[in-house]
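Reader: I am new to reading protein models. Could you walk me through this one?

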Amino acid sequence: MHRLKGAYTNRNAIIIFGGPSILENKYDLSLLSKRDDIIFLESKALTPKFIEYGVEPDYYLIPYPE
């Protein structure tokens, strides 16, 4: 964690969770690949549809309830 301190100063973060709203609202996530944001992807959002967007997340969020 120490090596990441300040690594993303002045950059925006986008967090994508696995809820249905992205598909329901027909968001075009392929537009994210043109931006210089840090992208966090929650594990439930990693679906074939997400892969079609061609976005490469910087980090994966993999929460566990225990």
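Author: Happy to help; what follows is a short set of questions and answers about this predicted model.

Reader: Which element has the highest mean pLDDT?

Author: A good start is the predictor's confidence, since this is a predicted model. Over the chain the mean pLDDT is 87, and 98% of the residues reach 70 or more. Among the elements, helix H1 (residues 21–24) has the lowest mean, 83, while the highest, 93, belongs to E2.

Reader: How many bridges join E1 to E2?

Author: Let's look at the two strands together. E1 covers residues 13–16, and E2 covers residues 38–42. One spot to look for is Ala 13, which stands opposite Ile 38 in E2. The two strands run parallel, and the number of bridges joining them is four.

Reader: Which residues make up the covered face of E1?

Author: Strand E1 has two faces, and one of them is uncovered. Ala 13 and Ile 15 belong to that uncovered face. The covered face is made of Ile 14 and Ile 16.

Reader: Which side chain of opposite charge is nearest to Glu 42?

Author: Glu 42 sits in strand E2 and is buried, yet has no salt bridge. A salt bridge needs the nitrogen and the carboxyl oxygen to be within 4 Å. The nearest side chain of opposite charge is 4.9 Å away, and it belongs to Lys 44.

Reader: Which residue has its backbone nitrogen 3.0 Å from a polar atom of the Glu 42 side chain?

Author: Start with what surrounds this residue, leaving aside neighbours within four places in sequence. Glu 42 is then in contact with Ile 16, Phe 17, Gly 18, Leu 61 and Pro 63. The backbone nitrogen that lies 3.0 Å from a polar atom of the Glu 42 side chain is that of Gly 18.

Reader: Is Asp 37 buried or exposed?

Author: Asp 37 lies in the loop between H1 and E2. Not counting residues up to four places away in sequence, Asp 37 touches Arg 11, Asn 12, Ile 14 and Asp 58. Its relative accessible area is 10%, and the cut-off for this class is under 20%, so Asp 37 is buried.

Reader: What is the distance between the closest N and O atoms of Arg 35 and Asp 37?

Author: Arg 35 is partly exposed, with a relative accessible area of 48%, whereas Asp 37 is buried. Their side chains make a polar contact. The two residues also form a salt bridge, and the distance between the closest N and O atoms is 2.4 Å.

Reader: How many residues apart are Asp 36 and Arg 11?

Author: These two form a salt bridge, with the closest N and O atoms 3.0 Å apart. The pair links distant parts of the chain, with Asp 36 in the loop between H1 and E2 and Arg 11 in the segment before E1, and the separation is 25 residues.

Reader: Where does Asp 36 stand, exposed or buried?

Author: Its partner Arg 11 is partly exposed, at a relative accessible area of 32%. For Asp 36 the value is 55%, and the cut-off is over 50%. Asp 36 is therefore exposed.

Reader: Which residue forms a salt bridge with Lys 49?

Author: Lys 49 is in helix H2 (residues 48–52), and about one helical turn separates this residue from its partner because they are three residues apart. Lys 49 is partly exposed, at 36%, and the partner is exposed, at 60%. With the closest N and O atoms 3.5 Å apart, the partner is Glu 52.

Key. Residues are numbered from 1 along each chain as its sequence is written. This is a predicted model: local features need pLDDT of at least 70, side-chain atom pairs count only at pLDDT 80 or more; totals for chains, interfaces and linings use all residues. Side-chain values use heavy atoms; hydrogens and water are left out. Buried means under 20% relative accessible area, exposed over 50%, partly exposed in between (1.4 Å probe, protein chains only). Lys and Arg count as positive and Asp and Glu as negative; His and the chain ends are not counted. A polar contact is a pair of N or O atoms within 3.5 Å; within protein, one must be able to donate a hydrogen and the other to accept it, and residues adjacent in sequence count only if both atoms are side-chain atoms. Contact means heavy atoms within 4.5 Å. pLDDT is the predictor's confidence in each residue, from 0 to 100. Two strands pair if DSSP finds at least two bridges between them.
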